[in-house]
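Biologist: I am new to this structure and would be grateful for a close look at a single part of it. Please place that part within the whole before describing how its strands are joined.

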Amino acid sequence: MVLQAAIDVRFEIDKKILKPLTFKCMRGFIPALLVLFIFAGQAAFGQASLTYLNVEGGYYKPSLGYWNNDSYLTGFDMKLGGGLYYGGGVGFRVYDSYFGRLSVGQFSTSDKSEPINLGGLTREEYLRIKIMPVSLDFLYEFQTLAKDKIFPYVGAGASINFIQRTYKRSANTGLDEEGSDTGRANSFYPLVGVSYNVTNYIDVGLEGRFPIGSYKQAFSTVTEDPNSFTVETVSITGPIVSLKANLRFEPRGHRRSASSRYRGNYKVGRRR
């Protein structure tokens, strides 16, 4: 019963530390970012515009070092590993070869323990961590290679990661318990990729990025004193490698330089 009490206190404290942010806030935050970037591009260069829709699927391996190395999961021989990452978003041209991209992704990892005996009490544990990053990227696309077919690019981005933890535990006494809590963490990353022009309106490609970030998690240290706890850092740092497909609103290779905006104001004739 002492172990059970310690776990109950821990999850109550977690909710205070993680500072949940509701999805209602996100509904205003995401469109505001998109409008801001498009407006900034229009004001500065007169050519910012929505360019493509994007979908992706790949593999994400966040560290989750505390859970895997130091938490109570180690006593149940549990591990939270990498897995499927998928998402989508929109891309917009800011200026010439400079692009912005706003996207949402999803990743989930979980594990369930085998029954374990603790002082005559048989217990099973289940834990799932779900991460949903809302990301804003800035990309630079290099000049075309291989007869306008291959387009390498580099960039950097930042994410607000919405995190949900779901836990379940059962015992042979019938005192089962389950619940979840939510929070968020920021991350920043470099990225590199290459896209292949299937047609003027469809690209496929490969991209790698390496988010760096973490969030804080509180754990009770003394069962008799619910106000005594420690705060641990849980890393979400790790690589994401994904395959992408873009559906373009404008044909590939359609670029406008700064000088081309004024070209229409003059008549171009042949000297005789």
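Modeller: Of the 272 residues in the protein, 40% are buried; the model is a predicted one. The surface that the protein exposes comes to about 14,700 Å², and 60% of this area is supplied by carbon and sulfur atoms. Among the contacts in the protein with a separation of 6 or more, 70% are between residues 24 or more positions apart.

The secondary structure consists of three helices and eleven strands. Read from the N terminus, the order of elements is α-α-β-α-β-β-β-β-β-β-β-β-β-β.

The part chosen for a close look is formed by strands β1, β2 and β3. Strand β1 covers residues 49-60, and strand β2 covers residues 83-95. These two strands run antiparallel and are joined by eleven bridges. Within this pairing, leucine 53 stands opposite valine 90, a residue of β2.

Strand β2 also pairs with strand β3, which spans residues 98-112. Here too the sense is antiparallel, and ten bridges connect the two strands. Glycine 89 has serine 103 in β3 as its bridge partner. Strand β2 is thus paired with β1 and with β3.

The link between β2 and β3 completes the picture. The two strands form a hairpin, with two residues between them. One residue in the turn is aspartate 96, whose phi is positive, at about 50 degrees.

As to the side chains, those of a regular strand alternate between the two faces of the sheet.

Methods:
Residues are numbered from 1 along each chain as its sequence is written. This is a predicted model: local features need pLDDT of at least 70, side-chain atom pairs count only at pLDDT 80 or more; totals for chains, interfaces and linings use all residues. Side-chain values use heavy atoms; hydrogens and water are left out. Two strands pair if DSSP finds at least two bridges between them. Helices (H or I, at least four residues) and strands (E, at least two) are DSSP runs, numbered from the N terminus. Buried means under 20% relative accessible area, exposed over 50%, partly exposed in between (1.4 Å probe, protein chains only). Contact means heavy atoms within 4.5 Å. Accessible areas come from the Shrake-Rupley method with a 1.4 Å probe; for residues, only the protein chains shown count as cover.
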